[in-house]
Amino acid sequence: MPLAVAVLLVLGGAAWVAASLEGRCARGHVLVTASPDIAPVLSQAAQGLSASCRSYEIRPRDTAQAVAEFGAPGGERAQVWVPDSTIALQQARQLGATDVPESGSSVASSPVVLAVTEDAARGLGWPGRAPTWADVVDAPGAELTLPDPARDPVGTSALVGLRDAVGSAPDPAGAFAAVLRRFAAGGGAAAAYPASESSVVQHNAASGAAPLVAVYSAGAPALDYPFARLTGAGDEQRAAIDALQQAVLGSAATAALGRAGLRVPGQALAGHEDDPHVVAAAQRSAPVPSSADLKVLLTQWAGVNLDARVEVLLDVSGSMEARVRGTNLNRMQVTVAAAEQALHLFRPSTQLRIWEFATGLDGTKDYREVLPLAPVAQHLTPGDLARLTAVRAIPKAGTGLYDSVLDLYGVARRDWQPGVLNVVIVMTDGRNEDMSGITREAFLAGLERLADPAHPLPVIAIGIGQDVEEADLSAITAITGGGAYVTRDPTKIGEVFYGALAQLVAR
């Protein structure tokens, strides 16, 4: 049985939970939207309170349901939201829920783990040793799946943990993209998938359920269950909210948290010390990602799951022979290495073509084809990789920027394909040096004629080194709806490339 279904069955009785004391008095009535796993704990805390003209209603809602209700016009507005993670607050605010605060006091916690079948865990050395996330990810043939990180904070937290798990790889960005593709492709009976520790506990407690083993990671943020006060509460409601928060933070709530498979923040998992499938001891976890980091993570996830049609232009002018300080490489070598790394960031089915450009490179043209338009999977074969790594700078050649970009943008416009990300990527270390080519004004006018907002075709321009004409690159990308990214340190080009793609997918 899928874990999410098992949790719903266990928590089904909480779907109607409400506590109403001393009658229903409108000014003292508090509506609480809460994650389904903590809703019973909040309900029990509310039932232990007694005051005249004070009442509580606890509505179990997962993050996606809660955000949808907050954004819907009309309807009764909650005064408190206790989602499973501060990440949910960030996501709600990014979607325009201005009454949601950035944070709240944590009233419970649950580590985000990889839930692994017993058979798979034994193959990784359990119970004699505790497997790691890297062990699970590296296991050959493991079927993996991931909750949608855009809708489920467990999935988002897992992205942070997975990024940490491959952080020591020679190519962390490529390894992370490869891992994300494996999780995205998973389906059916997965051998491992991210889940909250509490859901693993609840699943294992269900009659007839095949037990799951929780694999922990200090690199994944735990669910922190923030007690978030929404705007608009009256004086009587604020007093009732204070009482509820104190009650759920009190010692009487500890046993209720343990029964729900939840922890008091920073403490051990009470009542499950003898369960070999979980580790009851206190667990370390990573901090909740910032809003900026969250956006990058989600766009990276979206990027590796999105097919694309890509034209890549590599500057091979003579200045690309310049040595990169602190290395034995020149600009051309680090640029080609970044292009090779970028192949791993796209889905294997993405259609991609690579060009090189410099003045007078191919007769009257300033550009020529290096790799034909073909699936990325083909370009990752030894033959295509050899052709890419053989690209060299042309001594004394200038940068034929305007003619090359305009002509190849026209090629990409002609081949534009619906339903995929169509993009042109330009990697250069200089400014236009083709004095026999078109002028800057004619170049920009030509781009404006080809640009079509109804059929987006952005240009990502990546400038490398000290001689880049940033104004030119910004003008190109402003017309086409892309972005210009300049790094004065060529060794950082890989990071810039990945960040540029992430920002593009976020548009």
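These legends walk through several close-up views of a predicted model, from the whole chain down to single residues. Residues are numbered from 1 along each chain as its sequence is written, and side-chain values use heavy atoms, leaving out hydrogens and water. Because the model is predicted, local features need pLDDT of at least 70 and side-chain atom pairs count only at pLDDT 80 or more, while totals for chains, interfaces and linings use all residues.

**View 1. The whole chain has 19 helices and 15 strands.** Helices (H or I, at least four residues) and strands (E, at least two) are DSSP runs, numbered from the N terminus. Of the 507 residues in the chain, 52% are buried; here buried means under 20% relative accessible area, exposed means over 50%, and partly exposed lies in between (1.4 Å probe, protein chains only). Contacts (heavy atoms within 4.5 Å) often span long stretches of sequence: among those between residues at least 6 apart, 78% join residues at least 24 apart.

**View 2. Three strands make an open sheet in the order β7-β6-β8.** The strands pair in the antiparallel sense, where pairing requires that DSSP finds at least two bridges between two strands. Strands β7 (192-196) and β8 (212-215) are at the edges with a single partner strand each, so one side of each has no neighbour in the sheet. From one strand to the next, the twist averages 40°. Strand β6 (residues 112-117) is joined to β8 by four bridges, and A115 has A214 of β8 as its bridge partner.

**View 3. Helices α7 and α9 meet the sheet.** Helix α7 (residues 153-165) packs on the sheet and touches β6 and β7, its direction making about 115° with that of β7. Helix α9 (residues 197-205) lies across β6, β7 and β8 and runs at about 105° to β7. For these angles, axes are lines fitted to C-alpha atoms, for helices over the stretch in contact, and values run from 0 to 180 degrees between N-to-C directions.

**View 4. Helix α4 (residues 86-94) is mostly covered.** Seven of its nine residues are buried, namely T86, I87, A88, L89, Q90, Q91 and A92. At the N-terminal end, S85 acts as a cap for α4, with a side-chain oxygen 3.0 Å from the backbone nitrogen of I87. Just after the helix comes G96, which takes a positive phi of about 100°.

**View 5. D235 and R238 form a salt bridge within helix α10.** Side chains of opposite charge can pair when their charged atoms come close. A salt bridge here is a side-chain nitrogen of Lys or Arg within 4 Å of a carboxyl oxygen of Asp or Glu, and the whole structure holds 20 of them. For D235 and R238 the N to O distance is 2.1 Å. Both residues lie in α10 (residues 235-249), three residues apart, which is about one turn of the helix. D235 is exposed at 54% relative accessibility, whereas R238 is partly exposed at 38%.

**View 6. Five residues share one network of salt bridges.** E311, R353, E369, R414 and D415 are joined through salt bridges that share partners. R414 pairs with D415, their closest N and O atoms being 3.3 Å apart, and R414 is exposed at 60% relative accessibility. R353, by contrast, is buried at 10% and sits in strand β11 (residues 351-362). Not counting residues up to four places away in sequence, R353 touches several residues, including V310, V312, L371 and V411.

**View 7. Helices α13 and α15 pack against each other.** Two packed helices are described by the angle between their axes and the distance between the axes. Helix α13 (residues 331-343) and helix α15 (residues 382-389) meet at about 150°, with axes 9 Å apart. The two are therefore roughly antiparallel; angles under 35 degrees count as roughly parallel, over 145 as roughly antiparallel, 65 to 115 as roughly perpendicular and the rest as oblique. V336, A339, E340 and L343 of α13 make the contact with L385, L388 and T389 of α15.

**View 8. G174 is a buried residue of helix α8.** This glycine lies in α8 (residues 172-185) and has 6% relative accessibility. Leaving aside its neighbours within four places in sequence, G174 is in contact with H344 and L345. The C-alpha atoms of G174 and E340 are 9.9 Å apart, although 166 residues separate them along the chain.

Technical notes:
Polar contact = N/O pair within 3.5 Å; in protein donor to acceptor, adjacent residues only side chain to side chain.
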